[in-house]
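Morning, everyone. Let me walk you through one model, starting from a single residue and working outward.

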Amino acid sequence: MTTLAPDIEHLEEAWHETPGLGSFLTTVDHKRIGKRYLYTGLIFLVIGGVESLVMRIQLTHSNLHVLDPETYNQLFSMHGVTMMFLFATPVLSGFGNYLVPLMIGARDMAFPRLNAFGYWVFLGAGLFFYSSFLVHRLPDAGWFNYTPLSDSVYSAGPNVDFYALGLIFVGISTTAGSINFIVTILKMRAPGMSLDRMPIFVWGELAMALTVVFALPALTLANVLLELERRAGFHFFAPASGGQPLLWQHLFWIFGHPEVYLVVLPALGIASAIIPTFCRRPMIGYTYIVLAEMAIALIGFGVWVHHMFATGLPAIGLGFISLTSFLVVIPSGVQIFAWLATMWAGKPVLRTPMLFVAGFIILFVIGGLSGPMLAAVPLDQQVTDSYFVVAHFHYVLVGGAMFPIFAGIYYWAPKMTGRLLHEGWGKVSFWLMFVGFNLLFFPMHILGLRGQPRRTYTYQAGHGWDFLNLLETVGAFVLAVGILVTFVNWVWSAKKGQPAGHDPWRGDTLEWATTSPPAEYNFEAIPTVRSREPMWDQPELGPHGQPPEAGGRTLGGGHNTLGTSLLEAEPEVVAPMPHESPWPLLLTLALTGVFTGLLVRAWVFWAVAAVAAVVSVAGWFWPRGETQET
Amino acid sequence: MYPETVGLEPAGDGKLDPVSTGRVGSGRWPAAPVVFVAVGVALAAGGCTGDSSVVSPKGPAAHSVAGLWWPMLVVATAVFTLVAGMLLLAAARGRRKTEDQAKGGAPWGEPFIVIAGVVVSGAILVGFFLFSLGRMRALAESGRNTKLTVSVIGHDWWWEVRYPNGAVSANEIHIPAGVKVRLALATDDVIHSFWVPRLGPKTDMIPGQENTLWLEASEPGIYRGQCAEFCGLQHANMIIRVVADAPADFDRWMAAQAHPAAPSDDAGRGVFETQTCAGCHRIRGTAAQGTAGPDLTHFGGRATLGAGVLPLSPENLRRWIVDPQAIKPGAPMPPTTLAADQLNALVAYLEGLR
């Protein structure tokens with residue numbers, strides 16, 4: 001290994017980013033960007049969580065007056081927008097950003113500056129959304145924002161403009177990130193990592209990215225049409241002018257249902273990453289799990305009308321969508337049975353990450369079992385828009401995505417900080433979250449059956465709703481305390497936790513071959529992979545780089561990574577990687593100006609910002625005598 | 001396929017052993033999940049209580065849906081018990097295993113995934129799909145031949161009800177018990193959704209289209225419902241009451257509703273006609289012909305005011321007229337300032353409109 005030493009010195013030099021404000025603003029390191037996504041997303045989790053706690057206080061008992069109806073409507077609208085677009089998607093992108101290059105043996109994402117741009121735009125859009133708080137004009141027509149309630153007749157204020165422009169804005173970030181994931185995953189895997197050796201977590205991120213690319217345009221289109229209708233006199237949705245309100249619902253849910261899956265898919269990938277490590281054996285049914293992930297992504301595009309079973313659509317359409325909605329349960333079930341088989345055959349070790357995964361399986365199964373009930377048209381027509389649906393999708397999304405995210409925090413934070421989280425407090429956090437979650441969301445099934453509609457700021461006594469609502473509020477606070485325990489644990493452990501070493505769990509995938517935290521260049525030598533579980537089958541892998549005789553490539557210590565072929569990952573090209581750049585941030589600032597100008601109708605300001613955006617793009621692509629990403 | 005020395009010790013680099021905290025494999029499974037299931041089942045069994053419950057049906061449509069719900073609940077509970085049981089058992093077995101045993105081949109694994117995950121799950125799901133499709137068709141077809149059509153029009157935030165004989169009411173629908181009634185659903189503004197859980201599925205009211213729903217109550221009684229599609233500030237207080245009368249009573253009621261209430265020309269009528277009330281409300285047989293708000297011709301015969309926000313009583317009516325915004329913030333009705341004697345006369349007049 002001493003033979004690598006000169007190359008490693010070159011690597012240190014070539015990849016070094018000098019700490020300080022300059023590199024803070026210009027970094028293109030996927031690990032720094034990934035952590036930013038995580039931390040920012042978790043701050044939005046706190047914001048969205050506080051919104052839900054305030055709503056729960058209002059709903060503790062019938063006829064309370066903690067909130068006026070307008071504030072309640074703003075809170076539940078922003079709770080949905082925040083949790084979907086500013087917490088779940090970015091945090092899962094954050095894990096992907098941090099981990100995908102490490103898991104596939106690359107030195108960075110394919111387009112590092114696009115990666116930085118994606119984060120900055122996400123931050124800009126998040127701030128854009130919440131700037132509405134300063135003027136007390138948070139979006140108030142729900143995250144689903146149905147017309148005509150959201151048109152200029154019934155929502156004259158700027159609330160809905162914050163929503164529509166904010167979603168178009170944040171969509172730029174999600175799209176950029178997804179394209180980056182697709183190219184990185186398909187073209188930058190370490191030699192030997194053919195598609196059938198790719199970690200399932202990476203498959204999950206790929207499924208998410210592909211879903212985004214095909215689903216998001218529908219949402220962006222819907223919001224462009226809505227803004228044209230609201231502010232430029234177009235008529236797409238208003239029936240009095242020949243529009244069709246259901247057009248919005250179709251466009252929204254053609255995006256909206258895949259959105260649910262694109263949150264769950266990478267989260268299922270987290271579970272699939274953790275289970276083999278803690279069952280001490282390879283996953284049983286790898287191929288089935290991968291096919292199932294892809295099947296969910298695909299079928300997810302054919303179920304949107306089950307959000308519209310009560311709108312009076314023709315029966316034949318309802319029947320078709322009912323069938324696909326039943327069938328989408330199958331690939332979810334396949335994954336669950338594959339995990340169960342792996343746990344049954346292996347030796348499950350209930351460290352905190354695995355405990356969160358076990359809890360996730362329980363909750364996801366409950367959410368999966370109420371799914372077919374909502375696929376059955378007549379039953380859906382009874383309980384849709386009641387608390388039964390609220391229960392269902394929180395089991396799927398909070399149980400199915402947030403619990404894996406917390407499992408991922410306990411599993412991978414040691415890789416990021418070099419220190420393990422405290423195990424005992426981790427378990428305390430899990431049990432508080434698990435108990436609190438069920439106390440909060442299980443009674444919602446019953447409230448829905450008892451006829452309580454969702455999205456109501458208050459309710460009357462005497463319908464059998466009071467006691468269960470009280471339970472839910474108690475559960476919400478227990479859940480919140482559980483989440484808080486993990487945050488404190490994380491901050492405390494980052495400084496005082498037990499040192500993790502490079503591979504604290506004896507994991508099977510390549511991220512455990514790097515130091516904790518990884519070097520700026522990730523791998524001293526880009527490894528050659530000969531197994532689906534390289535860390536278990538290739539003892540030469542470790543933080544000191546795979547020796548050249550085993551296939552390790554330092555690429556001469558330059559600022560390069562390796563491009564490989566799509567299916568078999570055969571080496572094709574040594575790709576020079578771009579350095580730090582101010583342009584992603586500057587372009588984001590310009591775009592923020594563009595969207596702000598649109599919002600407040602400041603056209604001169606808007607024009608200046610648009611010119612600045614063009615200049616930023618030109619600066620980004622300006623030839624500098626070195627090969628740049630395109 | 002797996003390391004020779006599997007264990008959770010950190011490999012190499014001689015740092016602290018995170019696992020030596022002694023907790024390897026000793027993660028305990030408290031009884032909490034079991035308690036949850038028990039509590040859950042107990043709570044679910046209580047789902048039938050309450051005056052708006054989907055699972056205490058009072059009409060054939062709701063009966064049909066409840067008949068779909070119970071088998072699905074039973075199967076779901078069985079599947080959950082199996083999966084959760086297997087999970088717990090796998091964890092319990094794992095504690096007694098050596099790591100060598102964990103590495104062993106599992107030839108049953110993939111067949112198990114296919115059989116449990118695809119074949120059995122698929123059969124159950126397709127079975128329920130066909131079952132629910134049958135119920136959907138039956139529900140649609142049994143609504144084909146209705147004799148009576150009632151129009152229900154959603155407004156922010158109240159319900160307008162129109163009968164074929166010209167009778168107009170609000171926030172209460174009278175129907176004959178044991179008879180299928182067709183509801184023609186429309187909206188005057190945003191999307192609303194008509195839902196009376198004990199009588200059957202909901203249907204949205206969407207601008208620019210007319211949806212239909214058939215409604216039948218098996219026996220006379222009062223069935224509560226409320227708007228199920230978010231429609232703005234007072235979505236929470238858009239409550240509807242379906243009053244099922246014996247058919248003969250219904251016929252009498254509908255006939256009476258088509259005419260003005262018993263002649264009454266006390267001072268209250270004058271107040272109503274000369275103050276702002278008449279700008280928005282109609283009382284047939286008087287000069288008050290506003291159409292923005294509910295028709296009040298037989299207002300005194302209703303049980304609630306403000307679309308169910310309060311029970312109708314002289315005291316509540318007085319509060320409502322003086323300051324509706326304190327009771328239903330955002331409702332279109334403005335506060336009204338009246339002298340005490342005017343207010344008393346107005347309340348007495350409205351209460352008398354039966």
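**One serine, then two chains**

Start with Ser332(A). Leaving aside its neighbours within four places in sequence, Ser332(A) is in contact with Ile296(A) and Gly368(A). Keep in mind that this is a predicted model.

Where does Ser332(A) lie? In helix α11 of chain A. Is Ser332(A) buried or exposed? Count the C-beta atoms: 25 others sit within 10 Å, and the cut-off for buried is 20 or more, so Ser332(A) is buried. One more distance here. Ala292(A) is 40 residues away from Ser332(A) in sequence, yet the two C-alpha atoms are 6.8 Å apart in space.

Now the whole of chain A. It has 19 helices and 2 strands. How compact is it? The radius of gyration of chain A is 24 Å, and the globule rule gives 25 Å for 630 residues; the two are close, so chain A is as compact as a globular protein of that length. Along the principal axes, the C-alpha atoms fill a box of roughly 75 × 60 × 50 Å. Of the 630 residues of chain A, 65% count as buried. Then the contacts. Take those in chain A between residues at least 6 apart in sequence: 80% of them join residues at least 24 apart.

Two helices of chain A next. First, α12(A). It has 24 residues, which at 1.5 Å a residue should span 34 Å; the end C-alpha atoms are 34 Å apart, so expectation and model agree. How many of its residues are buried? For α12(A), 24 of 24, so call this helix mostly covered.

Second, α18(A), residues 583-600. Same check. Its 18 residues should span 26 Å at 1.5 Å a residue, and the end C-alpha atoms are 25 Å apart, which agrees. The buried residues of α18(A) include Pro584(A), Leu587(A), Leu591(A), Phe595(A) and Leu598(A). What do the buried residues of α18(A) pack against? Four helices of chain A: α2 (21-26), α5 (112-134), α6 (159-187) and α19 (603-621). Look just past the end of α18(A). There, Arg601(A) takes a positive phi of about 55°.

On to the interface. How many residues does each chain give to the contact? Chain A gives 96 and chain B gives 100. Several elements of chain A give two or more residues to the side that touches chain B, among them α4 (69-104), α8 (245-279), α12 (352-375) and α15 (423-449). Which helix has the largest share? That is α11(A), with 12 residues. Recall that Ser332(A) lies in that helix. By class, the side of chain A that touches chain B has 59 nonpolar, 23 polar and 14 charged residues.

Now cross over to chain B, for two sheets. The first is an open sheet of 5 strands, in the order β3-β2-β1-β5-β8, with mixed pairing. At the edges are β3 (168-170) and β8 (211-215) of chain B, each pairing on one side only. The twist averages 25° from one strand to the next.

Look at β1(B), residues 148-155. It runs parallel to β5(B), residues 181-187, with 7 bridges joining them. One pair to find on screen: Ser151(B) has Ala184(B) as its bridge partner in β5(B). Then turn to β2(B), residues 158-162. The pairing of β1(B) with β2(B) is antiparallel, over 5 bridges. A hairpin joins these two strands through 2 residues. Follow the rungs: Ile153(B) stands opposite Glu160(B), and His155(B) stands opposite Trp158(B).

The second sheet of chain B is also open. It has 3 strands in the order β4-β10-β9, again with mixed pairing. Why do two of these strands have a free side? Because β4 (172-176) and β9 (221-226) of chain B stand at the edges with a single partner strand each, one side of each is left without a neighbour in the sheet. Neighbouring strands here are turned by 25° against each other on average, direction ignored.

In this sheet, β4(B) and β10(B), residues 239-245, run parallel and are joined by 5 bridges. Within that pairing, Ile173(B) stands opposite Val242(B). Finally, a helix: α5 of chain B, residues 247-257, lies across β4 and β10 of chain B. It runs at about 130° to β4(B).

That's the tour. Questions welcome.

Methods: Residues are numbered from 1 along each chain as its sequence is written. Chains are lettered from A and ligands numbered from 1 in the order in which they are written. This is a predicted model: local features need pLDDT of at least 70, side-chain atom pairs count only at pLDDT 80 or more; totals for chains, interfaces and linings use all residues. Two strands pair if DSSP finds at least two bridges between them. Axes are lines fitted to C-alpha atoms, for helices over the stretch in contact, and angles run from 0 to 180 degrees between N-to-C directions. Two residues are in contact if their C-beta atoms, placed from the backbone, lie within 7 Å. Ala, Val, Leu, Ile, Met, Phe, Trp, Tyr, Cys and Pro count as nonpolar, Asp, Glu, Lys and Arg as charged, and the others, Gly among them, as polar. The radius of gyration is taken over C-alpha atoms; the globule rule is 2.2 Å times the number of residues to the power 0.38. A residue is buried if 20 or more other C-beta atoms lie within 10 Å of its own, exposed if 12 or fewer, and partly exposed in between; C-beta atoms are placed from the backbone. The expected span of a helix is 1.5 Å times one less than its number of residues.
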